[in-house]
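Please open the structure in your viewer and keep the sequence panel visible. The stops below are best taken in order.

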Amino acid sequence: MLDSSINSKSSVSIIYIAQNKQNKNMIYVGKHDGDSLEERRSQHEADARKGSPTDFHLALIEYGLRNWDWKIITTCPTENVYEEEAKIIKEFSANPIIDSLNTVHAKKQKLTKSKLSQATKERLRNNRLKNI
């Protein structure tokens with residue numbers, strides 16, 4: 001019998017905001033598969049400490065890891081999380097006062113995911129042909 005908690009954990013995602021305490025207009029909107037904001041926050045902080053070059057990770061280091069307020073904005077089904085995140089980023093980015101630390105990240109991820117999917121299909125197709 002399958003453990004239903006495994007399936008339910010992976011079917012819900014969170015969309016969250018990190019807001020700089022010193023400059024309230026500086027924000028980052030992100031998503032995470034699952035419901036643990038603390039887990040995602042720890043991942044961001046670890047990436048920042050390792051020298052990740054994203055605008056958000058650089059800002060975490062520049063302003064200090066403790067100088068950010070983190071909160072969940074909404075939850076949604078995992079299959080809708082890319083669209084929901086993009087919609088919320090667009091809403092925040094429309095405000096000229098907001099300094100969004102999001103790059104074209106959501107579009108890049110979707111495109112990369114699509115390209116990876118195509119590459120995987122091609123690789124599988126080629127492997128099948130080799131085995132004939």
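Is S13 buried or exposed? The model is a predicted one, and in it S13 has a relative accessible area of 0% and is therefore buried.

**First stop: S13**

Select S13, which is found in strand β1. Its side chain makes a polar contact with the side chain of T78, at 2.9 Å. Next, display the residues in contact with S13, leaving aside its neighbours within four places in sequence: H32, D33, G34, T74, T75, C76, T78 and V81.

**Second stop: helix α2**

Select residues 37–49, the 13 residues of helix α2. At 1.5 Å a residue they should span 18 Å, and the end C-alpha atoms are indeed 18 Å apart, so the expected and modelled spans agree. Now colour L37, R40, H44, E45 and A48, the buried residues of this helix. These residues cover an arc of only 135° around the axis, which means that they lie on the same side of α2. The general background is that an α-helix has 3.6 residues a turn, so residues three or four places apart point the same way.

Against what do the buried residues of α2 pack? Show β1 (12–20), β2 (26–33), α3 (55–63) and β3 (68–77), which are their packing partners. Then rotate to the other side of α2, where E38 and R49 are exposed. Just after the helix, select G51, which takes a positive phi of about 95°.

**Third stop: the aromatic residues**

Select Y16, Y28, F56, Y63, W68 and W70, which form one aromatic cluster. How many aromatic pairs does the structure hold? There are six.

Among them is the pair of F56 and W70: the ring centres are 5.8 Å apart and the planes stand at 65°, so the pair is edge-to-face. Because F56 lies in helix α3 and W70 in strand β3, this pair ties together parts that are 14 residues apart in sequence. F56 counts as buried because its relative accessibility is 2%, and W70 is also buried, with a relative accessible area of 12%.

Move next to Y63 and W68, whose ring centres are 6.4 Å apart and whose planes are at 90°, so this pair too is edge-to-face. W68 counts as buried at 2% relative accessibility, whereas Y63 is partly exposed, with a relative accessible area of 22%. The cut-off explains the assignment of Y63: buried means under 20% relative accessible area.

Methods: Residues numbered from 1 in each chain as written. Predicted model: local features only at pLDDT ≥ 70, side-chain atom pairs only at ≥ 80, totals over all residues. Heavy atoms only, no water. Helix = DSSP H or I, 4+ residues; strand = E, 2+ residues; numbered from the N terminus. Expected span 1.5 Å × (residues − 1). Buried < 20%, exposed > 50% of the residue type's maximum accessible area, 1.4 Å probe, protein only. Arc of directions from axis to C-beta. Contact = heavy atoms within 4.5 Å. Phe/Tyr/Trp six-rings, centres within 6.5 Å; stacked < 30°, edge-to-face > 60°. Polar contact = N/O pair within 3.5 Å; in protein donor to acceptor, adjacent residues only side chain to side chain.
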